[in-house]
Amino acid sequence: MKALFTLMLLALAVLSPTALANSPAEDAQLAELERARAEIADQVHLAAFDLIDELAFGWNRAPVFDTPTPVVLAGVTVPVGLGTGLAAMVENHIAAVLLENPTTNIQLVHCPSCTAVVVHSGPEGTVVSRGYDNPEVLAELGGTTGQHALFVDVEAEGKWLVLRARLTRLTPDLPIVWSHTLTTSSGTPALLRQPDDLKSAAEAREEYLDTLHDRGPITIPVRFAVRTFAQPDAFFTENPGVPPPPFAWLQTGVEIGATDARVWTSSLLIGGSFIPQAYQGLMGQARVSRLLTGRSRSLTRPDLYLFAGGSVMTMWGLATGSFQTEPFTSDAIILALTGQPPRTTLGALHLGLDLRLGNRIGFSSFLETMPSLRNSDNMGDYTRVLGIGFQTLGMEVTVCF
Amino acid sequence: MQIFVLFVLTLMATVKPDPAPGLFRTKTASAELDCEQLTVARANQERPGQIGEARPRGDYVDRRVVVCSERLISHGVRPVRDEAILSTLDARADEVASAAAALGPDLQSRTWLVETYYPSVQVASKVSFAAKNSLMEHGLTVSDRTPILGFGDLDVITRMPAEQAYPAACKRYYATGSLGEQDALLAVVSRDPRETILHAGLCSRGQWKWLR
């Protein structure tokens, strides 16, 4: 009896809803699949919108109907494997584009009986179908004969997204009066056209180039830069001095792009620095930059540039005493207070990365070497590459006009 | 060490990304790429500025261009068989429509109906859609009408082997008037769950014929 009871308990445990549910591994796989689907749908919907815009643009150029004609949006299907959420988005976009473009002569109309499942019994038998598949029944239901039905299908075929559309006249013969297939590849960026101002791909490209040209090859950057100097290495320096304080610079000048793509740019800037009782300075700087991300600057995403250049700086004031090879000590500071403040002129070479946002705002960071101070006891190196020590680490914020 | 780092950086900058699986790309990542080989001239036409143009007197080396794009839907998201059909749907639909359009002038003047027999309803409707559009592109008259059979016919035909079922269905379509004198039915059929080939059959005036 006890054994039977145990067996029943075991059977209950095996057949319980918890036991029948997916294992954690299966749940994780399903969750990963859903995440992948959501990510794909996110990428696909812009390309699908682009194809719909192209479809409506084609109707604008060459309308299927001579006069405004009521059309039922009979069916929108999306790539197999993606959810119905994408279908709803595509359907809404079709409606939005057609509403904004009455010159397509396609007037979307609401027809619940067209998309409903209808059952019709007659002498030939009982037929179950969608309303638009059986126009004779539709006519009996609401007199919609004579309208047209629009079917749209979007499918992912390898790297291609293919949109197929057809218009069917809702008469008993259901003739297809128009059909079209459009394709775009995953490597093609979406044109993101405005529904009320549709353009061809060529026109959209022309507008993009015009936008690039509007900015012109020359921009005026205004840059705020801060240079910090490395502490001298106590291990290698017998009598380490004090490194200079961080130096702040305000710079401006011109920046020139070699082409509209701005793959290569160069800049010439002058700058000044003024901190009362500490230091003042003037500088001139030249820099060449190379775009690392993409083949042309982007209007929509950040661009990363690698730059290299050189600068000449002249600085004076108490805080510039460290720009010398001998150790800068407290005695030297007292001596400077009573006499002429120290003045330094030096050259520097720098290498860094510049992140540009819309070619308007830039954030950059660079390493700088000052050859005349390579043996200075007052500063060390942040890093050394091929025997060259970089004593300065700089950060910049740039606004371009 | 620094020279080694510089060497690696230079190597990374000069070596072109290879779509084949290897040191920098896994097999899974390579499988997600859809690549096609192009001539230098065509690649220049399609992607100006990315590939150096051929020299007027020809290149000294044999240059080949392979253009790769990521697949829109990764492997594993859809059933394997559906993926095989859908990823080449356009070409398959065009093949079927070309076979239909190549028939005699008598058939070209008919009104074409399309039916697809495939286990997945979603995939079947997409195949039908593509086939209809391809037939339209070949200049044929196409209808959205679906030929229907009565319950009794269906009950008998679905019990028959495939070799007999399609001709029998075709005869019944014609006999019941579901397919008229001026209609031609293009049936796109998946005959075996293990194959990814789509067969095509023609039903005209009660006569069945396999096209491919």
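**Helix packing and chain contact in the predicted model**

Helices H5(B) and H7(B) cross with right-handed geometry in this predicted model. H5 spans residues 89-101 of chain B and H7 spans residues 121-137 of chain B; their axes come within 8 Å and cross at roughly 50°. H5(B) is therefore oblique to H7(B), since roughly parallel pairs require angles under 35 degrees and roughly perpendicular ones 65 to 115.

On the side of H5(B), the contact involves B:Leu89, B:Asp90, B:Ala93, B:Asp94, B:Val96, B:Ala97 and B:Ala100. H7(B) contributes B:Lys126, B:Val127, B:Ala130, B:Ala131, B:Ser134 and B:Leu135. By residue class, the contact of H5(B) with H7(B) consists of nine nonpolar, one polar and three charged residues.

Both helices also take part in the contact between the chains. This contact draws 33 residues from chain B and 36 residues from chain A. On the side of chain B that touches chain A, two or more residues each are given by strand S2 (65-70), helix H4 (80-86), H5 and H7. H7(B) supplies the largest share of that side, with nine residues. The residues of chain B that touch chain A comprise 11 nonpolar, 12 polar and 10 charged.

Chain A contains eight helices and 18 strands. Of its 401 residues, 33% are buried. Among the contacts in chain A with a separation of 6 or more, 60% are between residues 24 or more positions apart.

Terms used
Residues numbered from 1 in each chain as written. Chains lettered and ligands numbered in written order. Predicted model: local features only at pLDDT ≥ 70, side-chain atom pairs only at ≥ 80, totals over all residues. Axes fitted to C-alpha atoms, helices over the stretch in contact; angles between N-to-C directions. Helix = DSSP H or I, 4+ residues; strand = E, 2+ residues; numbered from the N terminus. Parallel < 35°, antiparallel > 145°, perpendicular 65-115°, else oblique. Left-handed = near helix turned anticlockwise from the far one by under 90°. Contact = placed C-beta atoms within 7 Å. Nonpolar A, V, L, I, M, F, W, Y, C, P; charged D, E, K, R; others polar. Buried ≥ 20, exposed ≤ 12 C-beta atoms within 10 Å, placed from the backbone.
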